[in-house]
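Visitor: I'd like a close look at one part of this protein, the place where two helices pack against each other. Could you walk me through it, and then show me what else is worth a look along the chain?

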Amino acid sequence: MKLDRAALGLLLLAPLAVRAVEPISLGLALAGVLTGYIYPRLYCLFTECCDQKRSLSREALQKDLDSKLFGQHLAKKVILNAVFGFISNPKPKKPLTLSLHGWTGTGKNFVSKIIAENIYEGGLNSDYVHLFVATLHFPHVSNITLYKDQLQLWIRGNVSACARSIFIFDEMDKMHAGLIDAIKPFLDYYDHVDGVSYQKAIFIFLSNAGAERITDVALDFWRNGKQREEIKLKDMEPALSVSAFNNKNKSKCSPEALKLTRTL
């Protein structure tokens with residue numbers, strides 16, 4: 001009975017207590033509760049959130065590569081193993097870095113799209129997938145210092161917000177001198193760079209550099225009566241690495257940077 005009376009007393013006092021609190025203060029308090037607890041959970045029901053648990057399906061990724069990507073047996077195998085292995089590792093030692101080479105139309109951008117869609121529902125439109133095109137985002141040589149500073153701040157800010165951020169750099173063979181050096185510190189075996197860990201991030205570089213050598217190797221196999229599918233990654237890597245490094249259009253992949261990439 002006393003408990004019932006106490007409860008009734010609290011109910012009766014509640015309107016007085018509410019009136020005693022300034023409307024603005026009460027609003028801020030309620031907003032704090034909604035923002036800190038309820039709102040993020042409701043928000044993530046309607047849109048993607050970085051901290052949502054979304055597992056990468058090896059079977060789904062393989063199905064997408066097999067059904068959508070043709071004539072790229074090397075890329076399919078390496079991408080499947082590299083991406084799935086990286087995402088499945090709770091504590092990778094360094095970011096996943098893929099370097100895709102070939103002529104326009106061979107599927108480099110398409111592969112990036114497939115990877116993004118298998119990690120984030122929004123794919124290339126996800127807030128956690130960032131696309132840079134050299135001739136569009138870094139067009140003026142005179143602004144190279146500004147580009148480097150902005151690029152590093154963009155990468156740092158987005159990885160701070162979401163460790164599993166994806167960065168795609170298109171037209172790497174047209175990238176201005178020094179920009180690859182601005183990216184390089186984020187690709188190495190560092191636990192933290194200025195207090196931020198980049199070990200769960202993904203960097204994908206797309207380039208036409210080395211396309212001629214890829215064609216030459218494929219042509220040599222054909223002339224020798226071998227099937228395209230007999231080409232191994234080891235047949236491509238030496239010539240491709242040299243070709244990319246010596247690219248006449250100023251591809252800025254230093255020897256150190258090339259060691260950090262998985263070349264396809």
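Guide: Sure, let's start right at the contact. On one side, α3 brings R58, L61, Q62, L65 and D66, and on the other, α4 brings K76, I79, L80, N81, V83 and F84. Sort the residues of this contact by type and you get 6 nonpolar, 2 polar and 3 charged. Keep in mind that this is a predicted model.

Now step back to the helices themselves. Two packed helices are described by the angle between their axes and the distance between the axes. Here, α3 covers residues 58-68 and α4 covers residues 73-88, and their axes come within 10 Å of each other. The axes cross at roughly 155 degrees. Anything over 145 degrees counts as roughly antiparallel, and therefore α3 and α4 are roughly antiparallel to each other. As for handedness, α3 passes α4 in a right-handed crossing.

Next, slide back along the chain to the loop between α2 (23-46) and α3, where you'll find C50. This cysteine forms a disulfide with C162, and the two sulfur atoms sit 2.1 Å apart. The structure holds 1 disulfide, and with 80 degrees about the S-S bond, the link of C50 and C162 is right-handed. What does the pair tie together? C162 lies in the loop between α7 (144-161) and β3 (166-170), so the link joins parts that are 112 residues apart in sequence. The two ends also differ in how they are covered up: C50 has 24% relative accessibility and counts as partly exposed, while C162 is buried, with a relative accessible area of 0%.

From C162, carry on past β3 and you'll get to a couple of backbone oddities. Most residues other than glycine have a negative phi. E171 isn't a glycine, yet it has a positive phi of about 60 degrees. You'll find E171 in the loop between β3 and α8 (179-183). D194 does something similar: its phi is positive too, near 55 degrees, and it's a residue other than glycine. Look for D194 in the loop between α8 and β4 (202-207). Is D194 buried or exposed? At 65% relative accessibility, D194 counts as exposed.

Definitions and conventions: Residues are numbered from 1 along each chain as its sequence is written. This is a predicted model: local features need pLDDT of at least 70, side-chain atom pairs count only at pLDDT 80 or more; totals for chains, interfaces and linings use all residues. Side-chain values use heavy atoms; hydrogens and water are left out. Axes are lines fitted to C-alpha atoms, for helices over the stretch in contact, and angles run from 0 to 180 degrees between N-to-C directions. Helices (H or I, at least four residues) and strands (E, at least two) are DSSP runs, numbered from the N terminus. Angles under 35 degrees count as roughly parallel, over 145 as roughly antiparallel, 65 to 115 as roughly perpendicular and the rest as oblique. A crossing is left-handed if the near helix is turned anticlockwise from the far one by less than a right angle, and right-handed if clockwise. Contact means heavy atoms within 4.5 Å. Ala, Val, Leu, Ile, Met, Phe, Trp, Tyr, Cys and Pro count as nonpolar, Asp, Glu, Lys and Arg as charged, and the others, Gly among them, as polar. A disulfide is a pair of cysteine sulfur atoms within 2.5 Å. Buried means under 20% relative accessible area, exposed over 50%, partly exposed in between (1.4 Å probe, protein chains only).
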